Number of protein chains: 4
Amino acid sequence: MAGNSFGHLFRLTTFGESHGKAIGGVIDGCPAGINLDLESIQNELNRRKPGQSAIVTQRKEPDTVEFYSGIFDGKTTGTPIGFAIHNTNQKSKDYSHIKDSYRPSHADYVYDKKYGFRDYRGGGRSSARETASRVVAGAIAKQLLQGVHINAFVSQVGKMKLEKPYQELDFDQIESNAVRCPDQATASKMEDYIKAIKKEGDTIGGVITCVAQNVPIGLGEPVFDKLHAELGKAMLSINAVKGFEYGSGFKGVQMKGSAHNDQFNEDGTTKTNLSGGVQGGISNGMDIYFNVAFKPVATVLQAYETIDNKGNKVQTQGKGRHDPCVVPRAVPIVEAMTALVLADFQLLARTNKK
Amino acid sequence: MAGNSFGHLFRLTTFGESHGKAIGGVIDGCPAGINLDLESIQNELNRRKPGQSAIVTQRKEPDTVEFYSGIFDGKTTGTPIGFAIHNTNQKSKDYSHIKDSYRPSHADYVYDKKYGFRDYRGGGRSSARETASRVVAGAIAKQLLQGVHINAFVSQVGKMKLEKPYQELDFDQIESNAVRCPDQATASKMEDYIKAIKKEGDTIGGVITCVAQNVPIGLGEPVFDKLHAELGKAMLSINAVKGFEYGSGFKGVQMKGSAHNDQFNEDGTTKTNLSGGVQGGISNGMDIYFNVAFKPVATVLQAYETIDNKGNKVQTQGKGRHDPCVVPRAVPIVEAMTALVLADFQLLARTNKK
Amino acid sequence: MAGNSFGHLFRLTTFGESHGKAIGGVIDGCPAGINLDLESIQNELNRRKPGQSAIVTQRKEPDTVEFYSGIFDGKTTGTPIGFAIHNTNQKSKDYSHIKDSYRPSHADYVYDKKYGFRDYRGGGRSSARETASRVVAGAIAKQLLQGVHINAFVSQVGKMKLEKPYQELDFDQIESNAVRCPDQATASKMEDYIKAIKKEGDTIGGVITCVAQNVPIGLGEPVFDKLHAELGKAMLSINAVKGFEYGSGFKGVQMKGSAHNDQFNEDGTTKTNLSGGVQGGISNGMDIYFNVAFKPVATVLQAYETIDNKGNKVQTQGKGRHDPCVVPRAVPIVEAMTALVLADFQLLARTNKK
Amino acid sequence: MAGNSFGHLFRLTTFGESHGKAIGGVIDGCPAGINLDLESIQNELNRRKPGQSAIVTQRKEPDTVEFYSGIFDGKTTGTPIGFAIHNTNQKSKDYSHIKDSYRPSHADYVYDKKYGFRDYRGGGRSSARETASRVVAGAIAKQLLQGVHINAFVSQVGKMKLEKPYQELDFDQIESNAVRCPDQATASKMEDYIKAIKKEGDTIGGVITCVAQNVPIGLGEPVFDKLHAELGKAMLSINAVKGFEYGSGFKGVQMKGSAHNDQFNEDGTTKTNLSGGVQGGISNGMDIYFNVAFKPVATVLQAYETIDNKGNKVQTQGKGRHDPCVVPRAVPIVEAMTALVLADFQLLARTNKK
């Protein structure tokens, strides 16, 4: 209820602050009998972790996941999977300067108002560190989703856009560069741009595109829990996300119905896919694709004026080790949340018919 | 679970197909003691109903809501509010042509695949007629949200955009024209454009902008149930919606953090509001504003080729009374869903502190 | 959340007060493709309705269920089933005497305290009339539960007990008498006793035993949602219920483990069934059986002293048409709630394995 | 959904098998600002832990709880409280004899059928070890429930009953003996009896009575989530529980309404309390009291015949360190579950009125 759980049948509950002892979670409802590849789970975490390249935060966090339950003889048992990632490299002193003051466009102010006080160290619960737990659960969801392929990649950094349609991209190239953009030429430019931004002590936003292929027909529920509505919520729940569009998205509003409609082939596939693989809230077997907009990280390493918790103006300076652009590290998070939504609906779809 | 409920504490469950006996719903968790203005509820329904102007579908449906429970002596009792809107003007014969064939970009095909068969009359459960129940519940939620102002309006039709920022608009003008665009000059152009589209037997998409003002600080939950994530899900669950963005949205990705951050005033308000009234998933007291993209209605009154449920090609022709552009009638739906989200979080916020 | 929904996947939400326009509900999550026998649904309602025999309340209520949605061509469509039972014979004047005063052992006092006021007519939402909606949903759940046999019967009225074990009873005899006790000799004595109680203007309690046979192995979830825990909650949620026990129940506490353990046969069945068909919260394929204790109805047709809402003593007199003993009419309610629990867990069990 | 969560607003999710690395859980929805007394949490755990007296299992488990999140500067922060209790003294070898065979009246057989295989070590997830997590959460719930007094005690062991009404007992004596029966004379007899049972290698059942005092008026929801229905579910979800009754319970069925009704005093309290502090599913401010029946522990240290997973008869012998009677150690579990239910409803009650 308080919003730390996601999913209906395949359900993740997370806990943990960035500078507490550990973050982690519980996955309830994972079916029994999945032969878990634990290494691939850790690999997904490694894709998200700080310090992996020159264009992300230089914090060193091993982000090693430890499983406590729900796995026996290498297989899921059907009972809840409890796990934790211990925090090992937290420098709480880095944050004493924000104890009594509010960073602009952070959650500091609203947490104080909502709860009466806050764990100010590193943003506490509002830190994107929480998303590591999502990556763990998403990696398990991927293993449940046999045959489904989920690929996210960076398609925009600042004003710099990857102009090719996803069908022309080689998803195997996503991990070949630090930006996680599958087009090498664009990736190089983006990387240079992020480095320049970093040098300024500034940050920049970006867009991640995600494509889910080979999704069975029939996932998603007709009214409130439409497939794209849950995907949208999933994405918007990731830190820094400001927008979500799927299929034709915001551009589709400019089209006429006669041009926008996806005509059928005789096998039920469609000639075009402006629907984005979802019709009436339900997957139709075509590729599901969507864009996720990330704002620039709010922590800039510059001097600025703000207020303290007494309402006084204070001068301060951004410190610490932060990402100049969040999208490269957010790619595995987008994939994880996609996998959670699809796994949940796949289980639910087992109950559609008598 | 099957997705016909929305909200946690203030919770709406809806039922009904477009051509069944009635649609309706149950609102559970509405606090006791609200003096309900029943007329204003019906007024909201009237804003959504067909036949209200020349640019919307000419179906005649009175859409009269009948309350069955939960109200006594003019006040909510704290028990569930059951209601129904009887279907009175359904012409099922209009739909015999789609019984065995699939309309492009409709839910016909996926319903058949998901459930094994479908109530094909008027789209059945996939019809936007279901949203009338949301408007009823939203109108009650508005009455719970004393002091909060929610205004939605049409800000784009096709490529035609309302270029003024919302702060320069007079929300009192929204209902003064058929398009529900508060800028009369733009509204006139949009209206003419929709009429032209209608004459072609075609349809066109659009964007609705919604502004919620005077929202208390502290609504929304930190992680998965962020305020904007629930708003996004709420909007994406409305028929024909393809995208959602709040605050700086997709444009915000192009900005640098130093420019994007909303600097504080001494009273906790912010000098700018690129955050869109939500920080870390929690309302900060500033205006909440967001855009919702609607695709063009899939039913075009033109001849087209499609397939039947045996996989054969069939020639068909769009019939019936349909909207050439969905956004004017969707304005009250957007407001209703906004109210449902805010009412739910307002109740939940009562449990934040000891 | 406010407690008017039951079930996770097969989920019933009810609404309605005893003297409002209608009671009813929404069943969400019912799988598509069930050929509904509507007559048998109404038959279940008739088993519950007032006025059916000399030992129950003489109110006349037709209790005709009207379905609004979710059924097409005689089959469930997978979309929510909305239904209403219109109230037709309410005599609200009967209740003006309790408008400002509190009947002992009723919900009057606590409703006023909890909600600030109440719909006092006929008990409002606290009336057992609400259970008619459960019977509708339970009747549909029974049709989903092909092959499962659920039989409830009256096993005790006051101190008068049916001493035979259920294995010796002929469940076909349950409906052969007004008490719904399958042993005719005991039934006659109970009937006479209830008539005598009625003549006194008094009421008496009773016990209903329920047996569910042919339940698949594996229903129920290991920890909080154990099969018997949900059955217990389901029964305790019925008006006037004071206790629940399954299998060996309260008597089992007196036994030693060596005697209480159910030894296995080679086919996995057990030689005894003190477990009551549930082990570790999960059905084991043996008969599930349990007892439900009902207190005497609180409305006695006698003079009594009570207090009004100002805290003044008032003299009053029970009026109206009430049941002298609730258990005969509660039999179909117990069956309905059992069916709801089993149907829900049967759907959930589809997700246990990969 | 898979049943490892309890509560709506104050919500506990648990994980862990008896012989895995750790058990633990996440408490979501705990309000911010509670000054947590961590020592009293550990004290509650110590009341439940093995090895504390001669009449309970002699396993040595420190059961030390480690908190990972949600607490800062000694206070709850409003964010989820993650915790773990590491398993330190598990002797998995003790259980190799049950790897392929099914212990009677345990969950072994149904787990294998439900999930396809099981973690057989120590009962895995079906072990009562899981309840330690409930005790942690219940101890925190108690600290939220300022002013409410919850006292559980052993009122029956086998046929040996504590015959005094609870009003005549001194709850301060509960912890003065190993049985947790507040009447010393009865406690001594029970203790001797349990020791004799233990010597036989056998086990015996018992009853725990729980009394919650000073509960605010208005907790509980009218229909499905009645206060006593949730209490019943809570208790029935504890391992080995076979029955639940509150107020007059099963004995109340023998009474006439005229005698069973609780007449009002002018202040709204009642002269008698056969209602058990709950009317219409809602607390009325009087003492809430109920009985919980526990069957004899299924593990007896005797030779017995059972079947293996191939359906062959096998001879085996109960081994390990087990409780001869579960009720003394279950007392804190009953209290914890009571606290969880009351805390949840107390938060929910904040939303009853406008």
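Me: Why is A107(A) called buried?
Reply: In this predicted model, the relative accessible area of A107(A) is 6%. Buried requires a value under 20%, so A107(A), at 6%, qualifies as buried.

Me: Where does A107(A) lie, and with which residues is A107(A) in contact?
Reply: A107(A) lies in the loop between β8 (101-102) and α2 (108-115) of chain A. With neighbours within four places in sequence set aside, its contacts are S126(A), Q279(B) and G280(B). Contact is called when heavy atoms come within 4.5 Å. By comparison with that cut-off, A107(A) and I174(A) are 32 Å apart in space, C-alpha to C-alpha, and 67 residues apart in sequence.

Me: What makes Q279(B) buried?
Reply: Q279(B) has a relative accessible area of 2%. The limit for buried is under 20%, and therefore Q279(B) belongs in that class. Q279(B) is part of strand β13 (residues 278-279) of chain B.

Me: Which residues are in contact with Q279(B), leaving aside its neighbours within four places in sequence?
Reply: From chain A, S105(A), H106(A), A107(A) and V110(A) are in contact with Q279(B). From chain B, the partners are D262(B) and N284(B).

Me: Why is the pair Q279(B) and N284(B) called a polar contact?
Reply: The side chains of Q279(B) and N284(B) are joined at 3.5 Å. The cut-off for a pair of N or O atoms is within 3.5 Å, with one able to donate a hydrogen and the other to accept it. The pair therefore counts as a polar contact.

Me: How many residues are in contact between chain B and chain A, and what is the area buried?
Reply: 107 residues of chain B touch 106 residues of chain A. The two chains bury about 8500 Å² between them, and carbon and sulfur atoms give 61% of this area. On the side of chain B, K114(B), F224(B) and K242(B) lose the most area to chain A, together 11% of what that side buries.

Me: What makes E200(A) and K256(B) a salt bridge?
Reply: The side chains of these two residues meet at 3.0 Å, N to O. The rule asks for a side-chain nitrogen of Lys or Arg within 4 Å of a carboxyl oxygen of Asp or Glu, so the pair E200(A) and K256(B) satisfies the rule. Between chain B and chain A the count is 10 salt bridges. The residues of chain B that touch chain A comprise 41 nonpolar, 42 polar and 24 charged. Residue pairs in polar contact between these chains number 40, both residues being at pLDDT 80 or more.

Me: Why are β12 of chain A and β12 of chain B said to pair?
Reply: Strand β12 (residues 241-246) of chain A and strand β12 (residues 241-246) of chain B are linked by 3 bridges in the antiparallel sense. Pairing needs at least two bridges, so 3 bridges are sufficient. Within this pairing, E245(B) is the bridge partner of G243(A).

Me: What is found between chain D and chain C?
Reply: There, 107 residues of chain D are in contact with 107 residues of chain C. About 8500 Å² is buried between them, 61% of it on carbon and sulfur atoms. The rule finds 10 salt bridges across this interface; one of the salt bridges joins K256(C) to E200(D) at 3.0 Å, N to O. Strands β12 of chain C and β12 of chain D run antiparallel and are joined by 3 bridges, with F244(C) partnered by F244(D).

Me: What makes β8 and β17 of chain B stand at the edges?
Reply: The order β8-β16-β17 in chain B forms an open sheet of 3 strands with antiparallel pairing. β8 (101-102) and β17 (313-317) each have a single partner strand, so one side of each lacks a neighbour in the sheet. Strand β16 (residues 303-308) pairs with β17(B) over 5 bridges, and T306(B) stands opposite V314(B) in β17(B).

Me: How do you know that D37(C) caps α1(C), and which residues of this helix are buried?
Reply: A side-chain oxygen of D37(C) lies 3.1 Å from the backbone nitrogen of E39(C), at the N-terminal end of α1(C). A polar contact extends to 3.5 Å, so 3.1 Å falls within the cut-off. The buried residues in helix α1 (residues 38-48) are I41(C), Q42(C), E44(C), L45(C), R47(C) and R48(C). They pack against β4 (65-67), β7 (81-86), α3 (131-144) and α8 (327-349) of chain C.

Note on methods
Residues numbered from 1 in each chain as written. Chains lettered and ligands numbered in written order. Predicted model: local features only at pLDDT ≥ 70, side-chain atom pairs only at ≥ 80, totals over all residues. Heavy atoms only, no water. Buried area = accessible area lost by both parts, 1.4 Å probe. Helix = DSSP H or I, 4+ residues; strand = E, 2+ residues; numbered from the N terminus. Buried < 20%, exposed > 50% of the residue type's maximum accessible area, 1.4 Å probe, protein only. Nonpolar A, V, L, I, M, F, W, Y, C, P; charged D, E, K, R; others polar.
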